[in-house]
Amino acid sequence: MRFVLRLLLSIAVALCVGFGLSYYALTDGRLFGAREIGPWISWPDVGAPSPNPYTRGHLTRDGALQLGRSEGLQFIATTDSAGGPLDLACTYRLDGRVPVSAFWTLAAVNADWVNLSASPTQPAIRSSEVVRDTSGALRVSVGTRLSPYTWLELAGSGAFSLVLTLYDTTALSGSASADLSLPTITRGDC
């Protein structure tokens, strides 16, 4: 009798763990498939010929056209460096360096991936347009109110995400990924 109870308990635990991990893979999966650097999250296996199951779940949920591994890498931030959610009622400043890449862009999108740029002619900031300090670190202001440095002017209200896309980069590939750093996101006035 004890053997049967142990067997049934083992089966129940195995089913719960299996279904739980499957649910996690289909609803989030960041713990196993994503790489987090400060507030920035990237899925480095997105462009791989055979991505891991958690990345596949992410691709299925997202349903967007993704860059191939050799084309580039996307980092997304939904919070500032202190962990607070990004909100269009506030201004933000990005400071730091971007990993080596041929070219990069920074855009802001809402939950439906609609671009929030107030300028119809400039949907994103390009790496060639950024003001840098004397050490070469970038300084970018993001928000609906005029700010110093390079300014990504936004329109709208509510939560948003920042999308940093690196084109032709070696970030998160091999030994160079251990020392990878991305710009900090500091909340300003709200």
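Q: Which residue in β6 does T105 stand opposite?
A: This is a predicted model, where local features need pLDDT of at least 70, side-chain atom pairs count only at pLDDT 80 or more, and totals for chains, interfaces and linings use all residues. Residues are numbered from 1 along each chain as its sequence is written, and side-chain values use heavy atoms, with hydrogens and water left out. Strands are DSSP runs (E, at least two residues), numbered from the N terminus. In β6, T105 faces R126.

Q: In which sense do β5 and β9 pair, and over how many bridges?
A: Two strands pair if DSSP finds at least two bridges between them. Strand β9 covers residues 161-169, and one of its residues, L162, is the bridge partner of A108. The pairing of β5 with β9 is antiparallel, over eight bridges.

Q: How many residues of β5 are buried?
A: Buried means under 20% relative accessible area (1.4 Å probe, protein chains only). Strand β5 runs over residues 101-109 and is mostly covered. Of its nine residues, the buried ones number seven.

Q: How many polar residues does the lining of the largest cavity have?
A: A cavity is a set of points on a 1 Å grid over the protein atoms alone where a 1.4 Å probe fits but cannot get out, and lining residues have an atom within 4 Å of a point. Among the residues lining the largest cavity are W40, W104 and L106. By class, this lining has nine nonpolar residues and no charged ones, and the polar count is likewise none.

Note on methods. Buried means under 20% relative accessible area, exposed over 50%, partly exposed in between (1.4 Å probe, protein chains only). Helices (H or I, at least four residues) and strands (E, at least two) are DSSP runs, numbered from the N terminus. On a 1 Å grid over the protein atoms alone, a cavity is a set of points where a 1.4 Å probe fits but cannot get out, and a pocket is an open set with protein on both sides within 12 Å along at least five of seven lines; lining residues have an atom within 4 Å of a point. Ala, Val, Leu, Ile, Met, Phe, Trp, Tyr, Cys and Pro count as nonpolar, Asp, Glu, Lys and Arg as charged, and the others, Gly among them, as polar.
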